[in-house]
Amino acid sequence: MAEIEDAIERADLESFTRQPPKTLQARINFLIKQLKTTKAVAAELGVSQRSVERYRKGERKHPPKAIADRIEAAVRQRWQPQVRKRRQKRAATTGGITVETRARFGYTAPVGTTDDGRLRRLTVHLPPAYAQRLFNARNAGADDRQLRQIIAEGLKDVYFQACVPRNSAA
């Protein structure tokens, strides 16, 4: 998974009103409820249908790490979709999103001067229009490079080209 996609996923996790199922049985039962059949769950997880049935009955309680990670990811992906949509709609219409990034800023200058480039951390609140573009691109299957471009345009407009007077010594 790409970095931007990961960040959006982490933000979604913060919006949950209830925690996803913790036990393996509960997770499998949730997936069966969502996907309707054990065959569909097996196809989603890349395991046999019989393995899904064993997990569901509690006959197998400790799947291999790779499969356990796939189960957890599948549950998180489907957990509370209405809560996710509501939060994204609010960000895209009224709230906007906050982006935190690190980048090297500065001018071409001798090493050690104040204009020398150095790593800085920016935390910028982007308006709803950029949140809407970001979510639309993500839902359309945009890759990380395209998502970064949208965020970069937002940072350019809001932070670097803002028509805000800078503090100056009088």
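**Exercise 1. The largest pocket**

How much space lies in the largest pocket? Work out also which residues and elements line this pocket.

*Solution.* The structure is a predicted model, in which local features need pLDDT of at least 70 and side-chain atom pairs count only at pLDDT 80 or more, while totals for chains, interfaces and linings use all residues. Residues are numbered from 1 along each chain as its sequence is written, and side-chain values use heavy atoms, with hydrogens and water left out.

Step 1: the largest pocket holds about 940 Å³ of space. A pocket here is an open set of points on a 1 Å grid over the protein atoms alone, where a 1.4 Å probe fits and protein lies on both sides within 12 Å along at least five of seven lines, and lining residues have an atom within 4 Å of a point. The volume is the space filled by probe spheres set on the points, which are joined across faces, edges and corners.

Step 2: the lining has 26 residues, and Ala-7, Ile-8, Thr-98, Val-99 and Glu-100 are the ones nearest the centre of the pocket. At least two lining residues come from each of α1, α6, β1, α7 and α8, with the largest share, nine residues, supplied by α1. Helices (H or I, at least four residues) and strands (E, at least two) are DSSP runs, numbered from the N terminus.

Step 3: by character, the lining divides into twelve nonpolar, four polar and ten charged residues. In this division Ala, Val, Leu, Ile, Met, Phe, Trp, Tyr, Cys and Pro count as nonpolar, Asp, Glu, Lys and Arg as charged, and the others, Gly among them, as polar.

**Exercise 2. The largest nonpolar core**

Find which elements give two or more residues to the largest nonpolar core, and which residues Leu-134 touches.

*Solution.* Step 1: this core, a set of buried Ala, Val, Leu, Ile, Met, Phe, Trp, Tyr and Cys residues joined through side-chain atoms within 4.5 Å, has 19 residues, and among those with the most contacts inside it are Ile-4, Leu-126 and Leu-134. Buried means under 20% relative accessible area, exposed over 50%, and partly exposed in between (1.4 Å probe, protein chains only).

Step 2: two or more residues each come from α1 (3-14), α6 (81-95), β1 (97-105), β2 (118-126), α7 (128-139) and α8 (144-160), and α7 gives the largest share, five residues.

Step 3: leaving aside residues up to four places away in sequence, Leu-134 touches Ile-4, Ile-8, Ile-97, Leu-147, Ile-150 and Ile-151, where contact means heavy atoms within 4.5 Å.

**Exercise 3. Two arginines**

Are Arg-84 and Arg-138 buried or exposed, and which residues do these arginines touch?

*Solution.* Step 1: Arg-84, in helix α6, counts as buried because its relative accessibility is 8%. Beyond four places in sequence, the contacts of Arg-84 include Glu-9, Asp-12 and Trp-79; the C-alpha atoms of Arg-84 and Glu-9 are separated by 9.7 Å, although these residues are 75 apart along the chain.

Step 2: Arg-138, in helix α7, has a relative accessible area of 14% and is therefore buried. With the sequence neighbours up to four places away not counted, Arg-138 touches Glu-5, Ile-8, Glu-9, Asp-12, Gln-88 and Leu-147.
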